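User: I would like to learn how to read a structure feature by feature. Where should we begin?

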Amino acid sequence: MRSDKKKMEKQFGTKGAIFSLDAISAAEYVKDTQKEAAIYFAIKKTVGEVTKDKDENTVLPPKVARETFYSFKGKGKINKDDWKGAEIVPTYETLQTTPCKNCNGKGYVENKCRTCKGTGKIEEKLQVLTGEEQTKEEKPFSYSCGVCFGTGNNKEQCKDCGGYKNLYKYQILPVPFKTVVTGIPVLHSSAQTKYEKEIERDLHQMIEEVEGIKFSDFKDLEAKAEPSLGYWNKNIKKTINSAGSDHKSYSKDKEAQITTQIYLFPMIQMFCETKKGTKFEIYSLGSQNKFMIYSNF
Ligand SMILES: [Zn+2]
Ligand SMILES: [Zn+2]
């Protein structure tokens, strides 16, 4: 314990209490001691990694006007934490016109006029009665088709482009997020302590200064945890299981990378009471030589 006096002072100092080793180690104050364990490893996570997903839309012009576009041109990378919205968005710069293939960009398709069968003319016959005998004669009579205006063709609105001649294509691209690689500590502890986050953070900063039992493989830890600690309980078993599944899911996570070995720390939880009846707890993590200590003393 003495080798880490400074850190102890730091811990107790921040709690505004006067540091005294004797006060802590005095057996009469310690009402109960529980042996627990903690597992620590660190990961590196790439936050804001650009998704590979993208999409493309081809729509009629009125729909373009109802879409919301985004532009990041000349705006630099976006901080993912501050971004409110989807990860892939319609990108303004990709908007482009594509002439309708069905009508070749005319907006209509031409069909042979059914009224005049494509001739542009209506052919009829006139009855003419000639002379005193009123001899019946037929004379040809043709006139311009009123349906196609004499062109022989009818223009029909193109079904593909709705007469708009063009369709509009745009891409739905990933927001250009800043890529930030951060180190994240992961701690699992069998002691139910409110210092878990603090311990996690401190271990991350000074992992080499606290003595733990190192494993490079979780299966190895599972097998050797009990003999290494020299004690065992249900909570330790549970903690190892949950740390194991956590470790497994991080090793499968494409955005994460486990950057340290797995550390198993013996942990001692002391339940204390002063002569005046003030109750407090002490958590100690590490070996006799190198350890960290926390208390609400
Ligand atoms: Zn016609
Ligand atoms: Zn068309």
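Analyst: Begin with burial: buried means under 20% relative accessible area, exposed over 50%, and partly exposed in between (1.4 Å probe, protein chains only). This is a predicted model, in which local features need pLDDT of at least 70, side-chain atom pairs count only at pLDDT 80 or more, and totals for chains, interfaces and linings use all residues. Residues are numbered from 1 along each chain as its sequence is written, chains are lettered from A and ligands numbered from 1 in the order in which they are written, and side-chain values use heavy atoms, leaving out hydrogens and water.

User: Is Ser 190 buried or exposed?

Analyst: Ser 190 has 1% relative accessibility, so it counts as buried.

User: Where does Ser 190 sit in the secondary structure?

Analyst: Helices (H or I, at least four residues) and strands (E, at least two) are DSSP runs, numbered from the N terminus. Ser 190 is in the loop between strand 10 (180–189) and helix 4 (196–205).

User: Which residues does Ser 190 touch?

Analyst: Contact means heavy atoms within 4.5 Å. Leaving out residues up to four places away in sequence, Ser 190 touches Glu 36, Ala 37, Asn 235, Ile 236 and Thr 239. With Glu 36 there is also a side-chain polar contact, of 2.5 Å. Such a contact is a pair of N or O atoms within 3.5 Å; within protein, one must be able to donate a hydrogen and the other to accept it, and residues adjacent in sequence count only if both atoms are side-chain atoms.

User: How do I read a metal site? Which residues coordinate the zinc ion (ligand 1)?

Analyst: Look for donors: N, O and S atoms within 2.8 Å of the metal (3.2 Å for Na, K and Ca). Water is not among the atoms, so sites may look incomplete. For the zinc ion (ligand 1), the donors are the SG atoms of Cys 113, Cys 116, Cys 145 and Cys 148, at 2.1 to 2.3 Å. Along the chain their spacing is C-x2-C-x28-C-x2-C. Cys 116 lies in the loop between strand 5 (108–112) and strand 6 (121–130), and Cys 145 in the loop between strand 7 (135–144) and strand 8 (153–157), so this pair ties together parts 29 residues apart in sequence. Cys 116 and Cys 145 are both buried.

User: What arrangement do the donors of the zinc ion (ligand 1) have?

Analyst: Four donors count as tetrahedral if all angles lie between 85 and 135 degrees. The ideal is 109.5 degrees for four tetrahedral donors. Around the zinc ion (ligand 1), the 4 donor atoms subtend angles of 101 to 120°, which makes the arrangement tetrahedral.

User: And which residues coordinate the zinc ion (ligand 2)?

Analyst: The zinc ion (ligand 2) is bound through the SG atoms of Cys 100, Cys 103, Cys 158 and Cys 161, at 2.2 to 2.4 Å. Their angles run from 103 to 120°, which makes this arrangement tetrahedral. The spacing here is C-x2-C-x54-C-x2-C. Cys 103 is in the loop between strand 4 (96–99) and strand 5, and Cys 158 in the loop between strand 8 and strand 9 (166–174), so the pair ties together parts 55 residues apart in sequence. Cys 103 is buried at 2% relative accessible area. Cys 158 is buried at 1%.

User: Which backbone angle deserves a look at Asn 104?

Analyst: Check phi. Asn 104 has a positive phi, near 55°, and is not a glycine. Asn 104 lies in the loop between strand 4 and strand 5, and is exposed at 64% relative accessible area. Lys 165 also has a positive phi, of about 70°, without being a glycine. Lys 165 is in the loop between strand 8 and strand 9, and is partly exposed at 43% relative accessibility.

User: What is the pLDDT average of the protein?

Analyst: pLDDT is the predictor's confidence in each residue, from 0 to 100. The average here is 86, and 90% of the residues score at least 70. Over residues 1–5 the pLDDT is below 50, and this stretch has 10 contacts in the model beyond near neighbours in sequence. Over residues 7–23 the pLDDT is also below 50, with 30 such contacts. Where pLDDT is low, the predicted coordinates should not be read in detail.

User: How many helices and strands does the protein have?

Analyst: The protein has 6 helices and 15 strands. Of its 297 residues, 33% are buried. Among contacts with a separation of 6 or more, 71% join residues 24 or more positions apart.

Notes: Tetrahedral: all angles 85-135°; square planar, octahedral: opposite > 155°, others 65-115°.
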